[in-house]
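Student: I should be grateful for a close look at a single part of this structure. Please choose one, explain the terms as they arise, and then place that part in its surroundings.

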Amino acid sequence: MRTCVIFNPAARGSKARHFRAHLDELAGQSAFKATGAPGDARRLAAEAVRDGFEIVAAAGGDGTVHEVLNGIGDVDGFEKVCFGVLPLGTVNVFARELKISMKLEHAWETLRRGKVMQMDLPVAEFSANGVRKRNYFAQLAGAGLDARAIELVDWQHKKKIGPMAYVIAGLKALRERKPQIIVRAGGKILEGELVLIGNGKFYGGPFEVFPQAGLGDGLLEVCVLPRASFLTMFRCAPDFLFRQKLPEKIVRRVRAASFEMSGESGFELDGEWIGKLPATFSIAPKKLRVIAP
């Protein structure tokens, strides 16, 4: 199958360096398109669909995954191409969900010889500057403390210290006033200061925040924390760090194929800050074809 790999040549870290070192070797097997600025991966993915590639792959982190996914969507390409991932980023949540190896050689073998899996494709619809927009996402979304922390991340700092940049931004966000977010789903109304949404089980790496979620079950799992204070985070820490889960006694959950979220908060998709609420979330069952081990 004709494969186009979209990558960021300026990406840092050992995985990215290893990828660049093997680029000449890999280039004989696929086409490679390098990004030069934010938004390039989305544009290049759309071009790859138009050029007739059968696999369009994101070589990078979850941000690159998000851009490439939406580039495919911009040209209605989900029925034309399969989506692939080479995990080169800081966290690589979606690749972990698909059980793709973090080792380049094994991930590349999956891209070349893996099986095609059909999974659900979530989408968020919202308004920005009076214009109605749609953004697809693969793995997760969030609002409240989660989105504010991503908004506060120092990206130069992230390149130097990796995931700790999110922890530092989260501590800054905890000190701010946290608006109330309202979720209306399946006849239920849930309110909280932190809302996390999962298509798959994982959030922030290996943390199983959405235990009932599945990539092909036609539903999104919504996890709401009524309070997002230092005390709440302290109570969550033992389960989160040692069991890689959230304590169920302090969260509220609902599963739905569509729901609305409102409040004075921004929201993120796949770890990328997107815009302001309100937003409507829905899911297209089995719309995305991905290359998996």
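Tutor: Two strands are said to pair if DSSP finds at least two bridges between them. The strands themselves are DSSP runs of state E with at least two residues, whereas helices are runs of H or I with at least four residues, and both kinds are numbered from the N terminus. The model is predicted, so local features are described only at pLDDT of at least 70 and side-chain atom pairs only at pLDDT 80 or more, while totals for chains, interfaces and linings use all residues. Residues are numbered from 1 along each chain as its sequence is written, and side-chain values rest on heavy atoms, with hydrogens and water left out.

The part chosen is strand β10, which covers residues 194-198. Five of its five residues are buried, and therefore β10 is largely enclosed by the rest of the structure. Here a residue is called buried under 20% relative accessible area, exposed over 50%, and partly exposed in between, with a 1.4 Å probe and protein chains only.

The directions of the side chains come next. In a regular strand the side chains alternate between the two faces of the sheet. In β10, Leu194, Leu196 and Gly198 point one way. Val195 and Ile197 point the other way, and both of these sets are buried.

Which strands pair with β10? One partner is β7 (residues 140-144), joined to β10 in the antiparallel sense by five bridges. Within this pairing, Ala143 of β7 stands opposite Val195. Another partner is β13 (residues 220-225), which is also antiparallel to β10 and is also linked by five bridges. There, Val195 has Val224 of β13 opposite. Val195 thus faces Ala143 in one pairing and Val224 in the other.

Shortly before β10 in the sequence comes a hairpin. Strand β8 (residues 181-185) and strand β9 (residues 188-192) run antiparallel and share five bridges. Gly192 of β9 is the bridge partner of Ile181. Two residues stand between β8 and β9, and in this turn Gly186 has a positive phi of about 55°.

Positive phi values are also found in residues other than glycine. One is Asn129, with phi near 55°, in the loop between β5 (115-128) and β6 (131-136). Asn129 counts as exposed because its relative accessibility is 83%. Its neighbour Ala128 belongs to strand β5 and is partly exposed, with a relative accessible area of 22%. Ala128 and Gly275 are separated by 147 residues in sequence, yet their C-alpha atoms are 7.2 Å apart. Lys286 likewise has a positive phi near 55°, but its place is in strand β18. At 41% relative accessibility, Lys286 counts as partly exposed.

The loop between β17 (272-276) and β18 (279-292) contains Pro278. The peptide bond that leads from Leu277 to Pro278 is cis, with omega near 10°.

Two arginines in helices may be set beside these strands. Arg112 lies in helix α6 (residues 104-113) and is partly exposed at 34% relative accessible area. Its C-alpha atom is 9.4 Å from that of Ser30, although the two residues are 82 positions apart along the chain. Arg50, in helix α3 (residues 40-50), is exposed, with a relative accessible area of 59%.

Finally, the whole chain gives the setting for β10. The chain contains 10 helices and 18 strands. Its radius of gyration is 18 Å, close to the 19 Å that the globule rule gives for 293 residues, so the chain is as compact as a globular protein of that length. This radius is taken over C-alpha atoms, and the rule is 2.2 Å times the number of residues to the power 0.38. Along the principal axes, the C-alpha atoms fill a box of roughly 55 × 35 × 35 Å. Of the 293 residues, 53% count as buried. A contact means heavy atoms within 4.5 Å. Among contacts with a separation of 6 or more, 71% are between residues 24 or more positions apart.
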